[in-house]
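Colleague: Thanks for sitting down with me. Could you walk me through this model, one question at a time?

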Amino acid sequence: MAEETKYPFEISVDKWMGGTRHKISIANSTAWIVEPPCYAENKQWFWLPEWPTAFPNRNGVKELIQMGFYMLHIDVYGKFANPEAVKIMYTFYEYLQEQGFAEKGAFIGMSMGGLYTFRFLEEYPHIGNCIYADAPVCRLDWRHERRSELAPEVSRAYGHGDDINALYDHPLSPVNNCKKMLEHKIPLLMIVGLDDLVVDADINGLLMADLWKKAGCKVEVISRLSWGHHPHGLDDPARIIRFILENTFK
């Protein structure tokens with residue numbers, strides 16, 4: 001059994017998904033380190049940038065913790081993966097390196113978590129073993145057509161005030177800004193619902209997967225007919241788990 005660790009700047013400890021969840025204050029944000037009941041090789045980890053409690057029985061989170069992976073998260077909600085959020089995430093990563101965690105890990109990007117994943121790894125592609133993206137946001141103007149009243153939150157986060165038109169074809173949208181990830185050939189598992197009314201798969205996840213294919217990068221795509229934005233994951237998450245294991249221990 002793993003011995004529980006006391007981490008610098010720790011603010012609370014409890015149990016979660018069979019592991020020990022340490023909450024830590026980093027860069028004025030609350031981070032999680034979920035310590036597994038037994039250790040995988042070299043303190044391997046996976047990171048959920050958003051929605052850390054969502055669908056753990058469907059996205060492989062529960063099983064990966066039991067297999068010895070650490071689960072990581074830092075709360076940068078509401079920043080929409082802007083440069084400040086990416087900087088905070090990297091500050092957390094530097095903290096993890098000081099604690100002896102593996103240099104690279106897997107990223108699970110569900111919905112908005114996809115935007116954070118792609119934005120972060122485009123800045124720091126050497127950190128990612130692989131990406132599992134599920135109904136991911138891949139463009140900053142994704143709210144314009146169906147949830148336009150919420151679009152100004154994004155334009156404000158990127159310094160454009162209420163000018164949501166500034167988000168169209170924005171250079172930081174992952175669909176326009178993935179060159180480094182492709183150069184590093186980060187493997188991608190993409191799961192989308194073709195009836196998603198929250199994040200349009202055709203111009204988000206499927207477009208991103210097509211960019212991976214055109215670059216000759218490893219990509220697996222699961223497209224589900226008559227499926228909306230939720231639930232994320234799969235009834236049997238074995239394929240997700242296999243993908244992460246294959247691209248961690250390769």
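Colleague: Where is Lys 43 found?

Modeller: Happy to start there, with a note that this is a predicted model, in which local features need pLDDT of at least 70, side-chain atom pairs count only at pLDDT 80 or more, and totals for chains, interfaces and linings use all residues. Residues are numbered from 1 along each chain as its sequence is written, and side-chain values use heavy atoms, with hydrogens and water left out. Helices (H or I, at least four residues) and strands (E, at least two) are DSSP runs, numbered from the N terminus. On that basis, Lys 43 is found in the loop between strand E3 (29–35) and strand E4 (45–47).

Colleague: What is the phi of Lys 43?

Modeller: Lys 43 counts as partly exposed at 24% relative accessibility, where buried means under 20% relative accessible area, exposed over 50%, and partly exposed in between (1.4 Å probe, protein chains only). Lys 43 is not a glycine, yet its phi is positive, at about 50 degrees.

Colleague: Which lysine in the loop between helix H5 (179–183) and strand E8 (188–193) has a positive phi?

Modeller: The residue is partly exposed, with a relative accessible area of 46%. Its phi is about 55 degrees although it is not a glycine. The lysine in that loop is Lys 185.

Colleague: Is Phe 101 buried or exposed?

Modeller: Phe 101 has its place in the loop between helix H2 (83–98) and strand E6 (105–110). Leaving aside neighbours within four places in sequence, its contacts (heavy atoms within 4.5 Å) include Tyr 7, Ile 33, Lys 43 and Trp 45. With a relative accessible area of 4%, Phe 101 is buried.

Colleague: Which side chain of opposite charge is nearest to Arg 224?

Modeller: Arg 224 lies in strand E9 (residues 219–224). For charge, Lys and Arg count as positive and Asp and Glu as negative, while His and the chain ends are not counted. A salt bridge needs a side-chain nitrogen of Lys or Arg within 4 Å of a carboxyl oxygen of Asp or Glu. Arg 224 is buried yet has no salt bridge, and the nearest side chain of opposite charge, at 4.3 Å, is Asp 134.

Colleague: Which backbone oxygen does the side chain of Arg 224 reach?

Modeller: Leaving aside neighbours within four places in sequence, the contacts of Arg 224 include Asp 134, Ile 191, Pro 231 and Leu 234. At 2.7 Å, its side chain reaches the backbone oxygen of Gly 233.

Colleague: Which residue is joined to Pro 231 by a cis peptide bond?

Modeller: Pro 231 lies in the loop between E9 and helix H7 (238–248). The cis bond has an omega of about -5 degrees, and the residue joined to Pro 231 is His 230.

Colleague: How many residues apart in sequence are the parts tied together by Glu 220 and Arg 239?

Modeller: The side chains of Glu 220 and Arg 239 meet in a salt bridge at 3.4 Å, N to O. Glu 220 lies in strand E9 and Arg 239 in helix H7, so the parts that this pair ties together are apart in sequence by 19 residues.

Colleague: Which residues are linked with Glu 220 and Arg 239 in a network of salt bridges?

Modeller: Glu 220 is buried, with a relative accessible area of 14%. Arg 239, at 36% relative accessibility, counts as partly exposed. Linked with these two in the network are Lys 218, Arg 242 and Glu 246.

Colleague: Which side chain meets Asp 141 in a salt bridge?

Modeller: Asp 141 is buried, with a relative accessible area of 10%. Its partner is buried too, at 17%. The salt bridge is 2.9 Å, N to O, and the partner is Arg 139.

Colleague: How many salt bridges does a search of the whole structure find?

Modeller: Another one joins Glu 84 and Lys 79 at 3.3 Å, N to O. Glu 84 is partly exposed at 46% relative accessibility, and Lys 79 is partly exposed at 22%. The total for the whole structure is 13.

Colleague: And the whole protein: what is its radius of gyration?

Modeller: The secondary structure comes to seven helices and nine strands. The globule rule (2.2 Å times the number of residues to the power 0.38, with the radius taken over C-alpha atoms) gives 18 Å for 250 residues, and the protein is close to that, so it is as compact as a globular protein of that length, with a radius of gyration of 17 Å.

Key: A polar contact is a pair of N or O atoms within 3.5 Å; within protein, one must be able to donate a hydrogen and the other to accept it, and residues adjacent in sequence count only if both atoms are side-chain atoms.
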